[in-house]
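Please open the model in a viewer and display it as a cartoon. The tour below proceeds by selection, from one region to the next.

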Amino acid sequence: MSNPEWRLEGGNRFNDGRCDPAGRFWVGTLNPDGRDASLYRLDDERLVAIKRGLGIANGLAFSPDGRWLYHTDSPSRQVMRHAFDVGTGEIGEGEVWIDLDMHDLPGVPDGAAVDCDGHYWSALYGGARVARFDPEGRLVAQYPVPCPNPTMVAFGGEDLRTLYITTATQDMDAEARRRYPLAGSLLALEVETPGLAEPCLARR
């Protein structure tokens with residue numbers, strides 16, 4: 001990286017990012033050793049560490065009203081939420097919002113998106129499904145996918161009613177790839193509730 005303000009610590013690399021409703025860019029990191037990842041906010045071309053000590057920062061999303069920032073610490077199998085101030089970009093203390101153990105769900109929470117009703121859609125890596133949670137963190141639906149490792153979800157199409165799902169072949173041997181020929185593909189699922197238009201990066 002040419003910008004010294006964008007250098008990451010301890011072998012971290014960028015992983016999952018999104019703009020908040022005001023157009024600030026947020027990005028999480030991961031470390032090959034599964035610890036010391038962080039959640040960053042980009043301020044005037046300078047990365048500011050907002051939250052440290054994560055395993056793998058993932059699943060970044062915002063509620064439709066801008067009151068909540070959501071993110072996962074994937075190894076913990078939990079989704080956190082923080083009160084969010086759109087005006088300043090500051091977050092409050094985090095709380096566990098979704099715990100996969102409480103729902104007896106397989107896999108770990110990876111990439112995510114929020115629909116217009118405030119439901120959080122999470123790709124469950126290793127769980128072969130996408131899970132949908134209501135604004136209170138209750139599991140309301142599961143959507144199986146034809147491969148073990150969905151990695152990210154995003155709404156698209158003219159009416160934002162197509163849920164695109166990326167998948168991975170990571171850690172799959174030759175036999176597993178033969179069993180799941182769609183692993184590594186981009187999948188699409190038609191859904192009833194539309195997603196949200198993603199904010200663009202604001203020039204500051």
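Two strands are taken to pair if DSSP finds at least two bridges between them. By that criterion E3 and E4 pair, since 6 bridges join these two antiparallel strands. The model is a predicted one, and the stops that follow should be read accordingly.

**The whole chain**

Begin with everything selected. The protein contains 2 helices and 15 strands. Its radius of gyration is 17 Å, close to the 17 Å that the globule rule gives for 204 residues, so the protein is as compact as a globular protein of that length. Along the principal axes, the C-alpha trace spans about 45 × 35 × 35 Å. Switch on a surface: the accessible area comes to about 10,300 Å², and carbon and sulfur atoms contribute 48% of it. Of the 204 residues, 49% count as buried. Among contacts with a separation of 6 or more, 42% are between residues 24 or more positions apart.

**The sheet E1 to E4**

Select residues 13-19 and 46-54 next, which are strands E1 and E4. They are the edge strands, each pairing on one side only, of an open sheet of 4 strands in the order E1-E2-E3-E4 with antiparallel pairing. From one strand to the next, the twist averages 25 degrees. To inspect the pairing of E3 with E4, centre on Leu39, which stands opposite Lys51 in E4.

Now move to Asp33, in the loop between strand E2 (25-30) and strand E3 (37-43). Is Asp33 buried or exposed? Its relative accessible area is 42%, so Asp33 is classed as partly exposed. A distance label from Asp33 to Glu198 should read 32 Å, C-alpha to C-alpha, for two residues 165 apart in sequence.

**The sheet E5 to E8**

Select strand E5 (57-62) and strand E8 (91-99). Another open sheet of 4 strands has the order E5-E6-E7-E8, with antiparallel pairing. E5 and E8 stand at its edges with a single partner strand each, so one side of each is left without a neighbour in the sheet. Direction ignored, neighbouring strands here are turned by 25 degrees against each other on average. Add strand E6 (residues 68-73), which runs antiparallel to E5 and is joined to it by 4 bridges. Ala57 has Asp73 as its bridge partner in E6.

**The hairpin E11 and E12**

Proceed to strand E11 (residues 129-133) and strand E12 (residues 139-144), an antiparallel pair joined by 5 bridges. The two strands form a hairpin with 5 residues between them. Phe133 has Leu139 as its bridge partner in E12. In the turn, colour Gly137, whose phi is positive at about 85 degrees.

**The nonpolar cores**

Finally, show side chains for Trp121, Val130, Val153, Phe155, Leu163 and Ile165. These residues have the most contacts inside the largest nonpolar core, which has 15 residues. Strand E10 (120-125), strand E13 (150-156) and strand E14 (162-167) each give two or more residues to this core. Which residues are in contact with Leu163, leaving aside its neighbours within four places in sequence? They are Trp121, Val130, Val153, Ala154, Phe155, Leu187, Ala188, Leu189 and Val191. A second, separate core has 14 residues, among them Tyr70, Leu100, Leu105 and Leu124. In soluble globular proteins, nonpolar side chains tend to be buried together.

Terms used: Residues numbered from 1 in each chain as written. Predicted model: local features only at pLDDT ≥ 70, side-chain atom pairs only at ≥ 80, totals over all residues. Heavy atoms only, no water. Buried < 20%, exposed > 50% of the residue type's maximum accessible area, 1.4 Å probe, protein only. Core = buried A, V, L, I, M, F, W, Y, C linked by side-chain atoms within 4.5 Å. Contact = heavy atoms within 4.5 Å. Axes fitted to C-alpha atoms, helices over the stretch in contact; angles between N-to-C directions. Rg over C-alpha atoms; globule rule 2.2 N^0.38 Å. Areas by Shrake-Rupley, 256 points an atom, 1.4 Å probe, with all protein chains shown as cover.
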